[in-house]
Amino acid sequence: MENTVGRSNNTKAPYGIIFILLTGAFVSLLSNTLLNIALPSIMEHFHITSPSTVQWLTTGYMLVNGIMIPSTAFLIQRFSVRRLFLTAMSLFTLGTILGGFAPSFAVLLIGRMVQASGSAIMMPLLMNVMLTSFPVEKRGGAMGMFGLVMIFAPAIGPTLSGWIIEHYKWNMLFHIIWPIALLVIVIGLFKLRDKKDKIAIQLDVLSIILSSIGFGGILYGFSAAGNTDKGGWSSPEVYITLTAGLIALVFFILRQFKLKQPMLDFRVYKYPMFALASMISVVLNMAMFSAMLLMPIYLQSIRHISPLHSGLLLLPGAIVMGIMSPITGKLFDKFGAKALALIGLTITAVTSYTFSQLTLDTSYTTLILMYTARMFGMSMIMMPVMTNGLNQLPLRYTPHGTAMNSTLAQVSGAIGTAMLITVMTNRTNLTLRP
C-alpha cells in the first residue's frame, strides 16, 4: 500500500518531488482567500445586488473542498503521486483560467468550483508525501515546511488581493496565478517520476454519496448560518441542511466500520494522541479562520479602514507564521510537542481575550501587534500538534489521517466563522437597541 516515495532511514528524501508539490500547493491555497476582499468589485462588475449571491464564490469553493477531501485517502492509495498531482493541478489551472476570462458570474462560479476540485486533492497529497518521505525523528522539520505553505499562503491572500484590487481589475487575481500553475504542471510532467504498485481497492459509491451529503450539508449549513440577511440560525435552509448533513454523516461513519477497505477510516481515532491533536486543531482552525473574516469586517465596516490597509494589517502576522513554521518544526524534533503547545495555547488564549476588549479608539499599531502576537502563538501549536498526532498512526493509516485533518480544517473553519459572526451580529443588535 505504500508509495515508493516513502523512504527508509538510509534513502534520500525526494526533495525534487516535494518542492514541486509545495509550489503547487502554495498557489492553490493562495487562491482560497484571494477573492475575499475582491467580492465588492465582482458585485459591481456583474451588477449583483445581493451579497449572499456573490458569497457563493467562497462558500462554493469551501463546499467542493469539503466534499472532495474525504475521498483523497482512497485516491492516494489507488493512484501514483505523479498522476494525482498532474490531475489536481490541471483541474485547478482550468478553473483559474475560466475564472480569469469569465464573461458572466455563472461562468466565474463554475470556474471557482473546478479550481476547488483540484485544490482539495493537493493538501492531503502533500502531507502524505511529507510523512512517508522522512523518518519520525525528522518529520517535525519537514512538516514545518508544509506548515509554511498551509498557513502562509492563505494568510497573505487578503493583503495581496487588497493591493491588486486597488491597482488593477478583479480578474487579475486569476491572471497572476494560472501562468504559475501552468508552469508547475510542465515541470511536474518532466520531473515527477514515482512508481505505484497496483492496488485492488474499489471506491464505495454509497460512501461517496453519504460523505457528500454529510460534509457538504454541514459546511453549507454553517456557512448559511453566518448569513444574517436570510435569518441566520433561524432559517429553515440552515437547520434542514445541518440535520440532513448530520444524519448522512452518522450513516457514513457506520458504513466505514463495516467496509474492509473504508473510504475514510475512522479507526484513526483509536489512537489517543491523534484524537487529541484533532481536537486542538479544530479549536485552532475555528479561531484562525473566523479571525481572518471578522478582522476585515471590523476594520472596513466599523473603523472605515481601506481594503489595502486592512490587508496590510494582517500581513505581519502572516509573515511571523511563515517564519515560525520551519523553526517550530525543528523545535518539535528537539523538544517534542507538549512544551510548544502549552506556550502557544497560553499566548493564543491571552491575545484572544485582548481582542474581546477592542474599542473604536484602539490604535492601528496596537491592532497589528495584537494580531501578530496571536498568530505567533498559533504558529507554535499547529504543525507540532498535527505532526505529533500523525506520528502515532501506523503507515497504512497515514492517508486516512491526512484526509481527516484536511476535512476537519474545512468543517471547523466554517463552524468557527458562523459562530463568531452570530455572536458579532447579536452584540451589534444589542448595542444598537434603544
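**Close-up 1. A nonpolar surface patch built around Val205, Leu206, Ile209 and Ile213.** In this predicted model, these four side chains, Val205, Leu206, Ile209 and Ile213, make a nonpolar patch of about 350 Å² on the surface. One of them, Ile209, sits in helix H11, which covers residues 205–225. Is Ile209 exposed, partly exposed or buried? With a relative accessible area of 43%, Ile209 is partly exposed, because that value falls between the 20% and 50% cut-offs.

**Close-up 2. The second largest cavity and the residues around it.** The count of cavities of 30 Å³ or more comes to 4, and here we look into the second largest, with a volume of about 40 Å³. Its lining is formed by Ser31, Leu34, Leu35, Thr96, Arg112, Gln115, Leu173, Phe174 and Ile177. Helix H1 (15–34), helix H7 (105–133) and helix H9 (172–175) are the elements that each contribute two or more residues to this lining. By residue class, the lining of the second largest cavity divides into 5 nonpolar, 3 polar and 1 charged.

**Close-up 3. His304 and its positive phi.** Take a look at the loop between helix H13 (272–302) and helix H14 (307–335), where His304 lies. Most residues other than glycine have a negative phi. His304 is not a glycine, yet its phi is positive, at about 60°. How accessible is His304, buried or exposed? His304 counts as exposed because its relative accessibility is 65%, and the cut-off for that class is over 50%.

Notes: Residues numbered from 1 in each chain as written. Predicted model: local features only at pLDDT ≥ 70, side-chain atom pairs only at ≥ 80, totals over all residues. Heavy atoms only, no water. Patch = residues over 30% accessible without salt bridge, like charges linked within 9 Å, V, L, I, M, F, W, Y side chains within 5 Å. Areas by Shrake-Rupley, 256 points an atom, 1.4 Å probe, with all protein chains shown as cover. Helix = DSSP H or I, 4+ residues; strand = E, 2+ residues; numbered from the N terminus. Buried < 20%, exposed > 50% of the residue type's maximum accessible area, 1.4 Å probe, protein only. 1 Å grid on protein atoms, 1.4 Å probe; cavity = no way out; pocket = protein on both sides within 12 Å on 5 of 7 lines; lining within 4 Å. Points joined across faces, edges and corners; volume = space filled by probe spheres on them. Nonpolar A, V, L, I, M, F, W, Y, C, P; charged D, E, K, R; others polar.
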